[in-house]
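Work through the exercises below with the model open. Try each task before reading its solution.

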Amino acid sequence: MTDPSASATDGRDCTDDRHVVLVGMMGAGKTSVGRALAAQLGRPLFDSDEMIEERTGRTVREIWAADGESAFRTLETETLLDALAAPEPSVIAAAGGIVLAEANRRALAEADAYVVWLVASVDVLVDRVRRGLHRPLLDDDPEGTLRRMYAEREGLYQEVADGVVSVDHRSVGEVTKAVLRCCA
Ligand code: S3P
């Protein structure tokens with residue numbers, strides 16, 4: 001499973017009838033790859049941050065500032081469960097923190113979903129990630145924060161992943177192909 005070009009071992013093709021869920025750190029490219037994958041498979045895309053913003057009419061940053069991280073994490077769980085409950089197979093770009101809650105990890109394990117960890121080395125993430133409106137965690141010391149978060153979360157991404165795809169030095173198109181190979 002840790003081999004970036006590994007295939008699913010259960011004999012089922014993820015492009016058939018189950019959701020494909022992309023997990024990974026901020027900057028790994030979940031949203032861009034999710035869009036490309038959804039277009040290629042002709043499926044809907046659920047992006048958790050976008051769902052939260054649409055649902056609340058507020059930005060991630062506004063929610064974070066007004067209600068705090070734990071309120072944001074609750075919304076994150078709700079949107080994940082809703083996306084996983086979609087009747088048609090979809091592509092789900094799950095926000096970076098989705099693996100933090102045990103309930104989310106359990107939902108991913110129990111859903112009819114193939115979970116792909118888009119893994120990037122921390123140096124690549126540091127290079128790619130920009131402070132952004134939806135990334136209040138990176139306001140101070142983005143590099144140190146990313147390094148600490150990676151160390152804290154690596155095992156959790158590993159735990160939920162059915163397949164792992166490296167994004168280092170690869171374009172969105174290359175990663176998308178690798179995801180399709182990984183779960184076919
Ligand atoms: C977060 C990741 C962000 C966003 C929020 C928190 C995290 O989403 O949900 O800033 O804890 O990793 P992306 O992974 O889409 O950047």
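**Exercise 1. Serine 166**

Task: decide whether serine 166 is buried or exposed, and find the backbone atom that its side chain meets.

Solution. Step 1: take the relative accessible area of serine 166, which is 19%. Step 2: apply the cut-off; buried means under 20%. Serine 166 therefore counts as buried. Step 3: place the residue. Serine 166 sits in strand β5. Step 4: look for the contact. A polar atom of the serine 166 side chain lies 3.4 Å from the backbone nitrogen of aspartate 168. One caution applies throughout: this is a predicted model.

**Exercise 2. The fold along the chain**

Task: state how many helices and strands the protein has, and in what pattern they follow along the sequence.

Solution. Step 1: count the elements. There are nine helices and five strands. Step 2: read along the sequence. The pattern is α-β-α-β-α-α-α-β-α-β-α-α-β-α. Step 3: add the burial total. The protein has 184 residues, and 49% of them count as buried.

**Exercise 3. Two residues of one strand**

Task: characterise histidine 19 and valine 21 in strand β1.

Solution. Step 1: locate the strand. β1 covers residues 19-23. Histidine 19 lies in β1, and so does valine 21. Step 2: check burial. Histidine 19 has 5% relative accessibility and counts as buried. Valine 21 is at 0% and is buried too. Step 3: follow the side chain of histidine 19. One of its polar atoms lies 3.0 Å from the backbone nitrogen of serine 90. Step 4: follow valine 21 across the sequence. Its C-alpha is 6.1 Å from that of tyrosine 114, with their positions 93 residues apart in sequence.

**Exercise 4. Buried residues and sequence-distant partners**

Task: for isoleucine 98 and leucine 125, give the location, the burial and the C-alpha distance to a partner.

Solution. Step 1: start with isoleucine 98. It is in the loop between β3 (91-93) and α6 (102-110). Its relative accessibility is 0%, which puts isoleucine 98 in the buried class. Step 2: pair isoleucine 98 with tyrosine 157. They are 59 residues apart along the chain, and their C-alpha atoms are separated by 9.3 Å. Step 3: turn to leucine 125. This residue belongs to helix α7. Leucine 125 is buried, at 0% relative accessible area. Step 4: pair leucine 125 with valine 167. Here the separation is 42 residues along the chain and 9.9 Å between C-alpha atoms.

**Exercise 5. The ligand site**

Task: describe what surrounds the ligand, which atoms its oxygens approach, and which elements contribute to the shell.

Solution. Step 1: list the neighbours. The ligand is surrounded by 15 residues; the closest are Lys30, Asp49, Arg73, His134 and Arg153. Step 2: class the shell. It holds six nonpolar, three polar and six charged residues. Step 3: take the polar contacts. A side-chain N or O atom of aspartate 49 is 2.7 Å from a ligand oxygen. For the side chain of arginine 73, the corresponding distance is 2.8 Å. Glycine 96 uses a backbone N or O atom, 2.9 Å from a ligand oxygen. Step 4: work out the cover. On its own the ligand has 390 Å² of accessible area, and the protein covers 98% of it. Step 5: identify the site. The ligand takes up the space of the largest pocket. Step 6: assign the shell to elements. α5 (69-84) and α8 each give two or more residues. α5 gives the most, with three.

**Exercise 6. Positive phi**

Task: examine aspartate 141 and histidine 169, two non-glycine residues with positive phi.

Solution. Step 1: recall the background. Most residues other than glycine have a negative phi. Step 2: read the angles. Phi is about 50 degrees for aspartate 141 and near 60 degrees for histidine 169. Step 3: locate both. Aspartate 141 is in the loop between α7 (122-128) and α8 (142-160). Histidine 169 is in the loop between β5 (163-166) and α9 (172-183). Step 4: compare with the cut-off; exposed means over 50%. Aspartate 141, at 48%, is therefore partly exposed. Histidine 169, at 73%, is exposed.

Note on methods
Residues are numbered from 1 along each chain as its sequence is written. This is a predicted model: local features need pLDDT of at least 70, side-chain atom pairs count only at pLDDT 80 or more; totals for chains, interfaces and linings use all residues. Side-chain values use heavy atoms; hydrogens and water are left out. Helices (H or I, at least four residues) and strands (E, at least two) are DSSP runs, numbered from the N terminus. Buried means under 20% relative accessible area, exposed over 50%, partly exposed in between (1.4 Å probe, protein chains only). A residue is near a molecule or strand if one of its heavy atoms lies within 4 Å of it. A polar contact is a pair of N or O atoms within 3.5 Å; within protein, one must be able to donate a hydrogen and the other to accept it, and residues adjacent in sequence count only if both atoms are side-chain atoms. Accessible areas come from the Shrake-Rupley method with a 1.4 Å probe; for residues, only the protein chains shown count as cover. On a 1 Å grid over the protein atoms alone, a cavity is a set of points where a 1.4 Å probe fits but cannot get out, and a pocket is an open set with protein on both sides within 12 Å along at least five of seven lines; lining residues have an atom within 4 Å of a point. A molecule sits in a cavity or pocket if more than half of its atoms lie within 2 Å of its grid points. Ala, Val, Leu, Ile, Met, Phe, Trp, Tyr, Cys and Pro count as nonpolar, Asp, Glu, Lys and Arg as charged, and the others, Gly among them, as polar.
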